[in-house]
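Q: I'm new to this structure and would love a close look at one part of it. Could you take me through the open sheet and what surrounds it, and then show me how that part sits within the rest of the chain?

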Amino acid sequence: MNPLALNDSHILCERILESITQGIIQVDNEDVIVYANAEFCISLGYLKEELLGKVASELLGKGNINDVIREKIKSRKKNLSDEYEITLYRKTGEPVRYNMKGFPLKDSNGIVVGSIGVHVDVTQRRLIEEKLLVSEKTNEHLQGLVANMNEVFLSYDLLRNKYLFITASCELLYGYAPEEFMNGTILWLDVIHPDDRHLMFSGPPLNEGKSFHLEYRVIKKDKSICWVEGRFKSILENEVPVRLDGFVLDISKRKEAELLLEQKMNVLNTFTYKASHDLRSPLISLNGLVKIALNESRDPAMNKYLGMISESTSKMEANLQDLIAVAVSKQGELKKSEINFSELLHEIFESIKFLPGFDAVNITTEIKISSSFYSDKQSLHSILFNLISNCIKYRNVNIQSHVKISITEDHKHIRIIISDNGIGILPEYKEKVFDMFYRATENSSGSGLGLYIVATTLEKLKGKIELKSEYGEGCDFIIHLPVE
């Protein structure tokens, strides 16, 4: 049936109110609910009969809006309409935020007998607005935080070769304003010192999306030079690098401190080398005189004491020799030459054949090197001498001792493996055996510098060493040397 054809205007009006999508409520001058449409009931989870006859502010406002409602009733009696936001509560107790438009309701004599309220649920809208407000405040906080940091934060578009973002702190670091970077296409490269520009392309390929960091020099706008550290990460989209994000920090003061420390270490190493070298000469002379005295003496007691003196001076000479090796490993210049591993090992075996226990150890070698390898012979001699000597010193005297030396190559590295079946190293000592003066066993008679010399010398050669050991089973020392 066409609703316009209905004769009863009251029924027509009610049907209209029931069909609209806004919540409608009618209350009298005492805030008692006289009518509520279906949308209002559904919104708050009540049946219509549960609402009719109830005081709206008590039931739906939980008593929290009594004062507000009293003021609104006064306004209605003055024939005033208004719009405001109000929080009502569902039957479940959940709050709902409404935008409410209130109108006075009059009888046929024009007297205000109540109010009509049109409610629009704005709960979700307010939640979104609140989140946006929090987000804006957080963004403002972060922007303020970034603006007050010394680091330069940046984002670079790799596809269009232009900056997307760079913080104002760039002017403090580089002397260039953000706009100069944003408008310039290669200013990012121009500020890098020419001798360090190759470093920008030495990191991992950008299409891997990995983080990397670099230390390099930059030339400021006033032509002064400073050291910086950059930490970057490439951002991928569909496996294609589209953006480079990162930050740059001035590390000039740190570099100055490192340089000063390096200078002091060089002075200390020079002193160590000279003092050890100068002390070693009279010790060698003293040991020679003791040996002459031993040959000439016929007094058993005297020979005993002379033997003890000879043993002590020999240990002191060995310690001084280790200190000299440390100084050389830290400061000495590398002299590269082609390495013949067979000859090198022969020289080492000749130099250690008088060590106690050498004859009790079966040493085997396997060398598979087809191409030429260049390195510092003295450094390699020091590394292998210390490792092989340790295998003999810390052999297991209760079994047949053996040392296996394997030297192989690939296209990037020479790999040297020195394995023994000696006493091994306890797990808690593995990380410390390469420290200066550290001894992993109380039975050690050395200076505690052997493996430290190995580690520092390898560092100088840009190599690395791994240790695998089971206590009581022996050790595997695995050396990787780069092929240049």
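A: Here is a walk through the open sheet, followed by a few other places in the chain that help to set it in context. Please keep in mind that this is a predicted model.

Let's begin with the whole chain. The protein chain has 484 residues, and 35% of them are buried. Its secondary structure comes to 14 helices and 17 strands. If you take the contacts between residues at least 6 apart in sequence, 54% of them join residues at least 24 apart.

Now to the sheet you asked about. It is open, it has five strands, and going across it you meet them in the order β2-β1-β5-β4-β3, with antiparallel pairing. At the two edges are β2, residues 33–36, and β3, residues 82–89, each of which pairs on one side only. From one strand to the next, the twist averages 30°. As general background, strands of a sheet pair through backbone hydrogen bonds, and they can do so in parallel or antiparallel fashion.

You can follow one of these pairings in detail. Strand β1 covers residues 23–28 and is joined to β2 by three bridges, the two strands running antiparallel. To find your place there, look for I25, which stands opposite A36 in β2.

Next, look for the helix that goes with this sheet. Helix α5, residues 66–77, lies across β3, β4 (95–106) and β5 (112–121), and it runs at about 145° to β3.

The loops on either side of α5 are worth a pause. In general, most residues other than glycine have a negative phi. K62 has a positive phi, near 55°, although K62 is not a glycine. You will find K62 in the loop between α4 (56–59) and α5. With a relative accessible area of 41%, K62 is partly exposed. N79 is another non-glycine residue with a positive phi, in this case near 65°. N79 lies in the loop between α5 and β3, and its relative accessibility of 40% makes it partly exposed.

While you are in this region, have a look at E58, a residue of helix α4. E58 is partly exposed, at 47% relative accessibility. Setting aside neighbours within four places in sequence, E58 is in contact with G63 and N66. The C-alpha atoms of E58 and D31 are 9.2 Å from each other, while the two residues are 27 apart along the chain.

From here we can move further along the chain, to strand β8, residues 211–219, where H213 is found. H213 is partly exposed too, with 43% relative accessibility. Not counting residues up to four places away in sequence, H213 touches E229, G230 and R231. Its C-alpha atom is separated by 9.3 Å from that of G246, a residue 33 places away along the chain.

A pair of helices comes next. Helix α12, residues 341–352, packs with helix α13, residues 377–393, at an angle of about 50°, and their axes are 10 Å apart. Because of that angle, α12 is oblique to α13. The crossing of the two helices is right-handed. On the α12 side, the residues that meet α13 include F341, L344 and I348, and on the α13 side they include L380, L384 and I388. Sorted by class, this contact has 11 nonpolar, three polar and two charged residues.

The last stop is strand β17, residues 474–482. Seven of its nine residues are buried, so β17 is largely enclosed by the rest of the structure. Strand β15, residues 413–420, is joined to β17 by seven bridges and runs antiparallel to it. In that pairing, I417 stands opposite I478. Strand β16, residues 464–470, also has seven bridges to β17, and these strands run antiparallel as well. Here K464 has H480 as its bridge partner. Three residues lie between β16 and β17, which form a hairpin, and G472 in the turn has a positive phi of about 85°.

To return to your sheet, then: trace the order β2-β1-β5-β4-β3 across the five strands, and then find α5 lying across β3, β4 and β5.

Note on methods: Residues are numbered from 1 along each chain as its sequence is written. This is a predicted model: local features need pLDDT of at least 70, side-chain atom pairs count only at pLDDT 80 or more; totals for chains, interfaces and linings use all residues. Side-chain values use heavy atoms; hydrogens and water are left out. Two strands pair if DSSP finds at least two bridges between them. Helices (H or I, at least four residues) and strands (E, at least two) are DSSP runs, numbered from the N terminus. Axes are lines fitted to C-alpha atoms, for helices over the stretch in contact, and angles run from 0 to 180 degrees between N-to-C directions. Contact means heavy atoms within 4.5 Å. Angles under 35 degrees count as roughly parallel, over 145 as roughly antiparallel, 65 to 115 as roughly perpendicular and the rest as oblique. A crossing is left-handed if the near helix is turned anticlockwise from the far one by less than a right angle, and right-handed if clockwise. Ala, Val, Leu, Ile, Met, Phe, Trp, Tyr, Cys and Pro count as nonpolar, Asp, Glu, Lys and Arg as charged, and the others, Gly among them, as polar. Buried means under 20% relative accessible area, exposed over 50%, partly exposed in between (1.4 Å probe, protein chains only).
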